[in-house]
Amino acid sequence: MMSHLEKMASAVYYGARQIQVEERPKPTPPEGWALVKVSYSGICGTDLNIYVGAHPRARGPLVLGHELSGTLVEGHPSLKAGTPVTIRPLLFCGKCEPCQTGMSHVCKDLKLVGIDCDGAMAEYVVAPVETIHALPDGVSLRLGALIEPLAVGVHVVRQSEFTPGDTALVFGAGPIGMCVAVSLQLLGAGRVIVVETNRFRLQMAKEMGFETIDPEEGDVVEQILYKTEGNGADYSFDCAGHPSVSEILTQVTRVRGTVVIVAAYKKAAPIDLLQVMFKEITLKGARVYTPKDFDIAAELLKKPFDFEKLITHVLPIDDIQTGFDLLLSGGNAVKVLVEIGLEKNDKNYSTEAVSVDHV
């Protein structure tokens, strides 16, 4: 019989729309891995896909979660116990051609913590030591949970070969879309224009200082061309993953501009390849992040920008179902964090959306 200290609260996925919080054995890190006490874990779009039974690899029972912050417990050769950390949750083979040429983030057999093994929606998680990143001084555990999605934004911008001063168009103001927009702004974009249908997210983008386009106010292509003097954007980032977006990407991108596909389309989507050729548009994809992207994202969190606005909800692990229901309903939410490892008297839960103009 295990003692209470050998068990931990965990959010466990069992099958489509079946998740429950229960006690599970506290993990022991194998050789080359370290143990982290989780403070916050974010609910990601991938977690939603798993929850509804749409992910091709995730199988229950599985502890979800790959966005996190916490403190190191044991197992790291150079970081001290108690160090605030996050993890880069990619598990790569190290043997395939991409891994051997420094591109392990697109490993031919890429796996993730929280998808292919138990993740961070629990009091403790284990991860390979080379994937653990110490939080920079001045970055709180709460904001540290944003490093993983922000690293996606950083990687997307770097992959685009974006030039500071240029105009960027971002479709979708969900967590990843907003992280792309924020990365663009902090890395020197001249203009960032965000297109979003959800009223709450559109208002958030406005209040964070971005130009916005509301599809309900008229034809999207016409609005974009009007804002760009008929030329289109220098860079267009598809973070929406909807056919209505893919089919207009070449229309709203300037001659010799760049289109970056960020969203994970579930099936083939329409895109005008004739216009890619006629306008000499560069078409790129961007997937997850490199270690360098993680380091840049962590440093960006030290810049004078209100990253807290991205966090609309913080819920206790016992109320994780509310987070999934809220995000799947299209409610007033962007980033939902699950608070796990803090002492009860330090917790400040909110199950209502934080106003986008909160201080």
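Visitor: How far does helix H5 reach from its first C-alpha to its last?

Guide: Keep in mind that this is a predicted model: local features need pLDDT of at least 70, side-chain atom pairs count only at pLDDT 80 or more, and totals for chains, interfaces and linings use all residues. Residues are numbered from 1 along each chain as its sequence is written, while side-chain values use heavy atoms and leave out hydrogens and water. Helices (H or I, at least four residues) and strands (E, at least two) are DSSP runs numbered from the N terminus, and H5 covers residues 175–186, 12 residues in total. The expected span is 1.5 Å times one less than the number of residues, and H5 comes close to its expected 16 Å, with a reach of 16 Å.

Visitor: How many residues of H5 are buried?

Guide: Buried means under 20% relative accessible area, exposed over 50%, and partly exposed in between (1.4 Å probe, protein chains only). Gly-177, Cys-179 and Leu-184 are among the buried residues of H5. The helix is largely enclosed by the rest of the structure, because the buried count out of its 12 residues is nine.

Visitor: Which helices and strands do those buried residues of H5 pack against?

Guide: Contact here means heavy atoms within 4.5 Å. The strands packed against the buried residues of H5 are S11 (167–171), S12 (191–195) and S14 (233–238). The helices are H4 (147–159), H6 (199–207) and H10 (291–300).

Visitor: H10 turns up there, so where do its own buried residues fall, seen down the axis?

Guide: The buried residues of H10 are Asp-293, Phe-294, Ala-297, Ala-298 and Leu-300. An α-helix has 3.6 residues a turn, so residues three or four places apart point the same way. What covers the buried residues of H10 includes strand S6 (84–87), strand S10 (132–134), H4 and H5. Taking the directions from the helix axis to the C-beta atoms, these buried residues line one face of H10, because they fall within an arc of 160 degrees.

Visitor: Which residues have the most contacts inside the largest nonpolar core?

Guide: A nonpolar core is a set of buried Ala, Val, Leu, Ile, Met, Phe, Trp, Tyr and Cys residues joined through side-chain atoms within 4.5 Å. The largest one has 101 residues. Those with the most contacts inside it are Ile-43, Val-170, Leu-184, Phe-210, Phe-237 and Phe-307.

Visitor: Leaving aside neighbours within four places in sequence, what is Phe-210 in contact with?

Guide: Phe-210 belongs to the largest nonpolar core. With those sequence neighbours set aside, its contacts are Met-178, Ala-181, Val-182, Gln-185, Val-192, Val-194 and Ala-205.

Visitor: Is the crossover from S17 to S18 right-handed or left-handed?

Guide: Strand S17 (residues 311–316) is mostly covered, with six of its six residues buried. Two strands pair if DSSP finds at least two bridges between them; S17 and strand S18 (residues 335–339) have five, in the parallel sense. A right-handed crossover is one where, with the strands pointing away from the viewer, the path from the first strand over the helix to the second runs clockwise. Here the chain goes through helix H11 (residues 320–328), and this β-α-β crossover is right-handed.

Visitor: Which residue in S16 stands opposite Thr-258?

Guide: Strand S15 (residues 253–261) and strand S16 (residues 282–285) run parallel, joined by four bridges. Together with helix H9 (residues 273–278), they make a right-handed β-α-β unit. Opposite Thr-258 in S16 stands Thr-282.

Visitor: Which strands stand at the edges of the open sheet with the order S2-S1-S4?

Guide: This sheet has three strands with antiparallel pairing. Strand S1 (residues 7–15) pairs with S4 over two bridges, and Val-12 stands opposite Val-63 in S4. Each edge strand has a single partner strand, so one side is left without a neighbour in the sheet; the two are S2 (18–25) and S4 (62–63).

Visitor: Is Thr-290 buried or exposed?

Guide: Thr-290 lies in the loop between S16 and H10. Apart from neighbours within four places in sequence, Thr-290 is in contact with Arg-88, His-105, His-155 and Arg-158. At 17% relative accessibility, Thr-290 counts as buried.

Visitor: What separation do the C-alpha atoms of Phe-92 and Asp-109 have?

Guide: Phe-92 is found in the loop between strand S7 (90–91) and helix H2 (97–100), and it is partly exposed at 29% relative accessible area. Not counting residues up to four places away in sequence, Phe-92 touches Cys-99, Ser-104, Cys-107 and Leu-110. Phe-92 and Asp-109 are 17 residues apart along the chain, and their C-alpha atoms are separated by 6.5 Å.
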